[in-house]
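Colleague: I've got this model open and I'd like to learn how to read it. Can you walk me through it, feature by feature?

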Amino acid sequence: MQRATLYSSSRRPGAAGGAGAAARPDAAPAATGAGEPVVAPATPSPRRRGWRGLVDRHERLLLAIAGGLLVLLAAAAYRGLVPAQRVLTQEDIDAAALQTLETTPLPSVAAKAYDIIAPSVVRVRGFGTGRDGMENAETGVGTGVVIVDKGIILTNLHVVLGAERIGVVFSEGLEADAEVIGVQPEHDLAVIQAKKVPDDLVAATLRSTADLRPGDLVVAVGYPFGIGPSASAGVISGLRREYQSPRGKRLLTNLIQFDAAANPGNSGGPLVTAEGEVIGIVTGILNPNHQRTFIGIGFAVPIENAAAGVGLSPF
């Protein structure tokens with residue numbers, strides 16, 4: 001049903017004076033007083049007022065959304081080309097460590113102890129007139145250990161006893177003369193000072209014997225029969241032992257008994273722990289048959305007694 005439009009008598013359609021024409025939307029523009037036409041404003045189409053108007057009002061928002069979509073698409077494509085890295089688990093780490101242990105042999109405990117003490121071990125020789133009257137003959141051979149890096153060395157007294165000259169050979173090959181600066185006959189020990197030392201001489205680390213127990217691993221390092229440096233490993237067999245020295249003719253007490261192989265030439269050498277720390281000075285082996293061969297029982301002076309020979313606390 002159409003709605004009726006009411007007009008006043010002065011503005012009805014077709015009335016004179018142009019009122020009716022002005023009321024019509026499609027009527028020609030009326031003339032102004034200046035004679036110029038009045039232009040009616042353009043009316044946007046319904047479609048433009050719809051989606052195009054929405055685009056105009058939210059242009060920046062739409063651009064941001066489009067950019068975000070492009071970034072997401074690029075990331076998805078990258079993930080498709082590059083596989084994601086796998087996160088390591090504790091099981092992976094354990095398996096890798098086990099593989100390394102199985103394929104890489106580790107040095108033994110004795111080998112590590114030897115590597116630590118070897119730079120501090122020296123060969124000690126005594127020279128004098130031999131039995132055949134030859135001068136400067138080697139009258140004694142043994143081992144020593146550097147306890148102060150300026151060249152102070154511990155060895156056995158019977159190695160240097162009666163020597164007219166004492167010579168030492170350091171681990172890197174340097175040979176030097178030495179002199180006795182202290183003795184402890186009750187422990188068959190001598191302290192000697194080298195007259196020349198290597199620039200990089202390393203002193204051994206000393207360790208208390210207070211916590212030693214039978215069964216603890218030990219390594220003896222020295223020059224048995226002048227061959228070396230040589231290493232032998234064993235365990236502590238007993239503590240506070242006594243031993244009658246065949247050469248010193250003295251009863252030695254409070255000794256460490258061990259079963260690491262020792263032979264003539266080991267005398268004066270260090271007895272060390274698994275960490276390469278000196279706990280004693282090898283002083284003799286038990287020889288019931290007097291053949292000077294090792295039968296499984298060796299003796300060492302505790303380092304506390306040995307260090308007293310230089311007037312220093314060993315620790």
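**Reading the model**

Modeller: Let's start with one residue: leaving out residues up to four places away in sequence, Thr155 touches Val124, Thr143, Gly144, Val160, Asp188, Leu189, Ala190, Ile192, Ser267 and Gly268. Contact here means heavy atoms within 4.5 Å. Before we go on, this is a predicted model, where local features need pLDDT of at least 70 and side-chain atom pairs count only at pLDDT 80 or more, while totals for chains, interfaces and linings use all residues. Residues are numbered from 1 along each chain as its sequence is written, and side-chain values use heavy atoms, with hydrogens and water left out.

Colleague: Is Thr155 buried or exposed?

Modeller: The cut-offs first: buried is under 20% relative accessible area, exposed is over 50%, and partly exposed is in between, using a 1.4 Å probe and protein chains only. Thr155 counts as buried because its relative accessibility is 0%. The residue lies in strand 3 (residues 152–156). Strands are DSSP runs of E with at least two residues, helices are runs of H or I with at least four, and both are numbered from the N terminus.

Colleague: What does the side chain of Thr155 reach?

Modeller: Think polar contact: a pair of N or O atoms within 3.5 Å where, within protein, one must be able to donate a hydrogen and the other to accept it, and residues adjacent in sequence count only if both atoms are side-chain atoms. For Thr155, the side chain gets to the backbone oxygen of Thr143 at 2.7 Å.

Colleague: OK, on to sheets. How do the strands pair up?

Modeller: Strands of a sheet pair through backbone hydrogen bonds, either parallel or antiparallel. The rule used here is that DSSP must find at least two bridges between two strands. One closed barrel of 6 strands goes 1-2-3-6-5-4, with antiparallel pairing. Its neighbouring strands are turned by 40° against each other on average, direction ignored. Inside that barrel, strand 1 (residues 121–128) pairs with strand 2 over 8 bridges in the antiparallel sense, and Gly128 has Ala137 as its bridge partner in strand 2.

Colleague: Which strands make up the closed barrel that starts at strand 7?

Modeller: That one has 6 strands in the order 7-8-9-12-11-10, again with antiparallel pairing. Its twist averages 50° from one strand to the next; axes are lines fitted to C-alpha atoms, for helices over the stretch in contact, and angles run from 0 to 180 degrees between N-to-C directions. Strand 7 (residues 217–222) and strand 10 (residues 270–272) are joined by 2 bridges, with Ala220 partnered by Leu271. Helix 5 (residues 109–117) lies across strands 7, 8, 10 and 11, at about 45° to strand 7.

Colleague: And how many residues does the largest nonpolar core have?

Modeller: A nonpolar core is a set of buried Ala, Val, Leu, Ile, Met, Phe, Trp, Tyr and Cys residues joined through side-chain atoms within 4.5 Å. The largest has 25 residues, and those with the most contacts inside it include Ile117, Val145 and Ile303. Strand 2 (residues 137–148) gives the largest share, 3 residues. A second, separate core of 16 residues includes Val146 and Ile192.

Colleague: What about backbone oddities?

Modeller: Check omega and phi. The Gly228 to Pro229 peptide bond is cis, with omega near 5°, and Pro229 sits in the loop between strand 7 and strand 8. Asn136 is not a glycine, yet has a positive phi of about 55°; Asn136 is in the loop between strand 1 and strand 2.
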